[in-house]
Amino acid sequence: MHIIVGITGGIAAYKTPELVRLLVKAGHEVRCAVTEHALQFTTRATLETVSSNPLYSDLFAGNDHGTEHISLKDWADWMIVAPATANCIGKMANGIADDALSTLLLAMPTQRVLLAPAMNSQMWNHPSVQHNLEVLHQWGVHTVGPESGVLACGTDGIGRMAEPVAIADKIRDLAASSTTITPQRRLANQRWLVTAGPTYERIDSVRFIGNYSSGKMGYALAEALAKAGAEVELVSGPTALGDIDSPNVNITRIESAREMYAAATRLFPSCHGAILSAAVADYRPESTADHKLKKQGDKGMTLHLVQNPDILATLGSMKGTGQTLVGFALETDNEMANATGKLQRKHLDYIVMNSLRDAGAGFGFDTNKVSIIAADGQITESPLLSKKEIAELIINTVTN
Ligand code: PMT
């Protein structure tokens with residue numbers, strides 16, 4: 001499972017690295033998130049070492065959109081907060097998100113949160129803390145502890161954080177009995193290949209043959225697959241798009257059709273499926289000059305082109321049992337017949353047809369309109385939607 005361990009500012013935070021160690025030992029991938037005060041009781045270096053992942057502590061560090069809490073929430077199956085202070089519990093119960101951890105906590109579905117409260121007995125027994133916990137329980141938040149014993153302040157009473165082993169056991173039991181994970185992460189343990197963007201076929205050292213693909217459709221597909229829990233291998237042609245903010249997406253950047261072919265044929269055998277949305281150049285110049293070609297007086301210029309390998313058709317011939325292969329068809333006329341022809345010739349399970357005759361569909365737009373044609377002839381039509389929504393529709397259709 002993917003587990004976020006949140007740590008707030010209580011003395012029990014010194015025990016949390018042991019919890020992280022137990023979770024990692026049990027085979028989980030763990031990312032830690034802290035409040036500023038938590039780092040008074042434990043250290044960044046300790047948490048990063050035991051989790052083998054960078055610490056999440058600042059809403060805006062390294063990400064000027066401040067959206068890491070959303071990608072982390074999409075990545076995680078569960079979030080544990082240990083210790084959870086009275087302040088953290090109060091903020092969650094009252095919808096306050098004023099730092100990295102509390103923002104992440106509000107972004108998580110409540111049924112996937114486990115709190116391990118820890119505080120002084122009088123604080124624990126305070127009506128406001130008990131009221132906040134009652135509210136959180138009603139919303140489906142889980143808790144473990146606190147236990148009784150000697151507290152940091154020297155008094156004896158309730159308020160000690162549950163032991164790391166008890167917290168690890170609780171999350172194991174919750175996960176075993178949970179029905180909340182499946183819909184969010186139904187592609188967990190699957191690996192998918194996506195191609196995106198254009199290819200550039202070099203003419204000389206400064207010119208190329210390319211096309212208008214922006215990569216938006218392919219990147220939206222990669223994000224939607226990652227959100228559904230899959231590990232994604234995204235093979236991308238040159239685009240203006242930055243990296244996808246998800247630890248589940250691995251990007252291989254290529255330039256030409258032959259480079260895309262090499263990457264896709266290497267990656268496909270280890271994947272459950274592939275969605276090829278790239279606009280691959282069918283032809284490339286027979287030869288490439290390693291210098292800038294000069295004008296030849298008033299004469300025209302002839303460029304001799306040779307055919308590129310067809311990546312989709314090759315994957316169709318490689319396809320093994322249990323693998324799903326999805327192609328795209330960008331058409332301008334006779335759309336359904338052309339797309340169905342490609343589906344059959346290239347041995348696909350589905351083809352996604354988009355037509356340049358539909359306003360707002362195809363190259364460059366943030367929107368698209370598609371017909372998803374299955375090998376058995378079933379057709380799913382979409383209205384004009386954002387490429388993000390189209391990606392979700394495609395993934396729901398081809399993985400069900
Ligand atoms: O990137 P955007 O700006 O968001 O635009 C998205 C898109 C319009 C590029 C996308 O929705 C789309 O239609 N992609 C396929 C474009 C295309 O090249 O279609 P095609 O009909 O020529 O190719 C059919 C299929 O074969 C495609 O899956 C293509 O990736 C694949 N192909 C084509 C040629 C080749 N040599 N190898 C291939 O794998």
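Reader: Which polar side-chain atom lies 2.5 Å from an oxygen atom of the ligand?

Author: That atom belongs to K342. Before going on, please keep in mind that this is a predicted model. Two backbone contacts join the picture: a backbone N or O atom of L276 lies 2.6 Å from an oxygen atom of the ligand, and a backbone N or O atom of I311 lies 3.1 Å from a nitrogen atom of the ligand.

Reader: How much of the ligand's own accessible area does the protein cover?

Author: On its own, the ligand has 770 Å² of accessible area, and the protein covers 95% of that.

Reader: Which residues around the ligand come nearest?

Author: There are 27 residues around the ligand, and those that come nearest are S213, S214, A278, K342 and N354. You have already met K342 through its polar side-chain atom. Sorted by class, the shell holds 12 nonpolar, nine polar and six charged residues.

Reader: Which elements give two or more residues to that shell?

Author: They are α10 (216–227), α12 (311–318) and β16 (324–331). With four residues, β16 gives the most.

Reader: Let me look at that strand, then. How should I read burial in β16: why is it described as largely enclosed by the rest of the structure?

Author: A residue counts as buried when its relative accessible area is under 20%. In β16, seven of the eight residues are buried, so the rest of the structure largely encloses this strand.

Reader: And which strands does β16 pair with?

Author: One is β13 (residues 273–276), joined to β16 by four bridges, with the two strands running parallel. To find this pairing in the model, look for G273, whose bridge partner in β16 is T324. Another is β17 (residues 350–355), which also runs parallel to β16 and is joined to it by six bridges. There, G327 stands opposite I351 of β17.

Reader: How do the side chains of a strand usually point?

Author: In a regular strand they alternate between the two faces of the sheet.

Reader: What kind of unit do β16, α13 and β17 make?

Author: Together, β16, helix α13 (residues 335–345) and β17 form a β-α-β unit that is right-handed. To follow it, trace the chain from β16 through α13 to β17.

Reader: Now to another sheet. What is the strand order in the open sheet of five strands?

Author: The order is β2-β1-β3-β4-β5, and the pairing is parallel. At the edges are β2 (29–34) and β5 (142–143), each of which pairs on one side only. For a closer look, take β1 (residues 2–7): six bridges join it to β2, and the two run parallel. Within this pair, I4 stands opposite R31 in β2.

Reader: I would also like to learn about backbone angles. What is the general rule?

Author: Most residues other than glycine have a negative phi, and most peptide bonds are trans.

Reader: Which peptide bonds are cis here?

Author: One is the bond from A82 to P83, with omega near -5 degrees. P83 lies in strand β3 (residues 78–84), a member of the five-stranded open sheet. Another cis bond joins G145 and P146, where omega is about 5 degrees. P146 sits in the loop between β5 and β6 (147–150).

Reader: And which residues have a positive phi although they are not glycine?

Author: N189 is one of them, with a phi of about 70 degrees. You will find N189 in the loop between α9 and β8, and with a relative accessible area of 76% this residue is exposed. H347 is another, with a phi of about 55 degrees. H347 lies in the loop between α13 and β17, and is partly exposed at a relative accessible area of 49%.

Reader: Where is R186 placed?

Author: R186 is in the loop between α9 (181–184) and β8 (191–196), where N189 is also found. R186 is partly exposed, with a relative accessible area of 29%. Sequence and space tell separate stories for R186 and T399: they are 213 residues apart in sequence, and their C-alpha atoms are 9.4 Å apart in space.

Reader: Finally, how many helices and strands does the protein chain have?

Author: The chain has 14 helices and 21 strands. Of its 400 residues, 50% count as buried. Along the principal axes, the C-alpha atoms fill a box of roughly 95 × 50 × 35 Å.

Notes
Residues are numbered from 1 along each chain as its sequence is written. This is a predicted model: local features need pLDDT of at least 70, side-chain atom pairs count only at pLDDT 80 or more; totals for chains, interfaces and linings use all residues. Side-chain values use heavy atoms; hydrogens and water are left out. A residue is near a molecule or strand if one of its heavy atoms lies within 4 Å of it. A polar contact is a pair of N or O atoms within 3.5 Å; within protein, one must be able to donate a hydrogen and the other to accept it, and residues adjacent in sequence count only if both atoms are side-chain atoms. Accessible areas come from the Shrake-Rupley method with a 1.4 Å probe; for residues, only the protein chains shown count as cover. Ala, Val, Leu, Ile, Met, Phe, Trp, Tyr, Cys and Pro count as nonpolar, Asp, Glu, Lys and Arg as charged, and the others, Gly among them, as polar. Buried means under 20% relative accessible area, exposed over 50%, partly exposed in between (1.4 Å probe, protein chains only). Two strands pair if DSSP finds at least two bridges between them. A crossover is right-handed if, with the strands pointing away from the viewer, the path from the first strand over the helix to the second runs clockwise.
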